Amino acid sequence: MKEIIQLEKISKEYDHKRIINQIDLSIYEGQSIAFTGHNGSGKSTMLKIIAGLVKPSGGRVVYRDRLLFHYVPERFPKMSLTAWQYLKRMGEIDGIPRKVLEDRCENLFEDFFLTEMVNTSMKDLSKGTLQKIGVIQALLRKPQVLLLDEPLSGQDMDSQMVFIEKMNALRGENVTLLMSCHEQYLMESISDTVLSVGEGKVEKVDITAAFSGREYILWFEKQKNATMPEKYRPYIRQTGEGCRARIPEDESSHMIMEMIRCGWKLRGMRDAGI
Ligand SMILES: Nc1ncnc2c1ncn2[C@@H]1O[C@H](COP(=O)(O)OP(=O)(O)OP(=O)(O)O)[C@@H](O)[C@H]1O
Ligand SMILES: [Mg+2]
């Protein structure tokens, strides 16, 4: 594996408070890292330091190559541009030909269920919708390193599944993914490395140990012509217009994909242990 970014003794202080304390970290091409941890622990700070948007107070970040970065922030600035105007401008800056840009945007708007909102001013859009626009922008031109700060916050379930699919496609193309997130099923679905951030430290979490034995409860709504995938029949109980399933965590993302493919809509999801 090729190392592309190296953090050497990185520290960050805000108002004399040390958030990150002498962190060493190697990041490899095609790696998919999730930073997790409590609110205020320093996840966003780590991403910004790696993206070169925040200067560390100590240590240095070494980039092994000239890398094309794309950073999707946690909170989008409120703008009066519409989503379509914004993406058009960003695409132009990225040098994407007009027709290609239009086609890509149209397909992505459809994928993320946004078609009806493309002409709404961005200042009037919800947090989840803005987050999707940030993700679409990142997908317009494939970056080498994609940084996503809490990409799922506020996104509806169907869009979360689309997001997971798209991120795994990027992983297949060797894009390096770095994200901060709280959702364990997301880490399990798209990350190969989970790092917990807290008390100045960044520590590797053993995902298999952390998630083994967990189960999820999923709710699906039946769409027209939906069929029941044989494989998951034993886990499913019909409930009026929909169904409910209890499924081991490591099977859940496959089941969701399969159910969506068979015409069901994911309506909800929770940890069976809660
Ligand atoms: N520009 C800033 N000036 C002063 N303090 C800051 C600044 N940015 C972050 N901090 C502080 O640094 C700490 C870490 O913030 P950070 O945003 O990295 O946390 P986080 O883990 O991303 O939290 P969350 O889960 O809420 O997004 C917090 O205590 C925050 O208040
Ligand atoms: Mg944050």
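**The shell around ligand 1 and a helix crossing**

Helix α1, which spans residues 43–51, supplies the largest share of the shell around ligand 1, contributing three residues to it. The model is a predicted one, and the description that follows should be read with that in mind. In total, 13 residues surround ligand 1, and the closest of them are Gly40, Lys43, Ser44, Thr45 and Glu74. Sorted by character, the residues of this shell comprise eight that are polar, three that are charged and two that are nonpolar.

Several side chains make polar contacts with the oxygen atoms of the ligand. In the side chain of Lys43, a polar atom lies 2.7 Å from an oxygen atom of ligand 1, while an N or O atom in the side chain of Ser44 is 2.8 Å from an oxygen atom of ligand 1. Glu150 also takes part, with a polar side-chain atom placed 3.4 Å from an oxygen atom of ligand 1. Taken on its own, ligand 1 has 640 Å² of accessible area, of which the protein covers 65%.

Turning from the ligand to the packing of helices, we come to helix α3, formed by residues 98–111, and helix α4, formed by residues 127–140, whose axes come within 10 Å and cross at roughly 140 degrees. Because of that angle, α3 counts as oblique to α4; an angle would have to be over 145 degrees to count as roughly antiparallel. As for the sense of the crossing, α3 and α4 meet in a right-handed arrangement.

Conventions. Residues numbered from 1 in each chain as written. Chains lettered and ligands numbered in written order. Predicted model: local features only at pLDDT ≥ 70, side-chain atom pairs only at ≥ 80, totals over all residues. Heavy atoms only, no water. Near = heavy atom within 4 Å. Polar contact = N/O pair within 3.5 Å; in protein donor to acceptor, adjacent residues only side chain to side chain. Areas by Shrake-Rupley, 256 points an atom, 1.4 Å probe, with all protein chains shown as cover. Helix = DSSP H or I, 4+ residues; strand = E, 2+ residues; numbered from the N terminus. Nonpolar A, V, L, I, M, F, W, Y, C, P; charged D, E, K, R; others polar. Axes fitted to C-alpha atoms, helices over the stretch in contact; angles between N-to-C directions. Parallel < 35°, antiparallel > 145°, perpendicular 65-115°, else oblique. Left-handed = near helix turned anticlockwise from the far one by under 90°.
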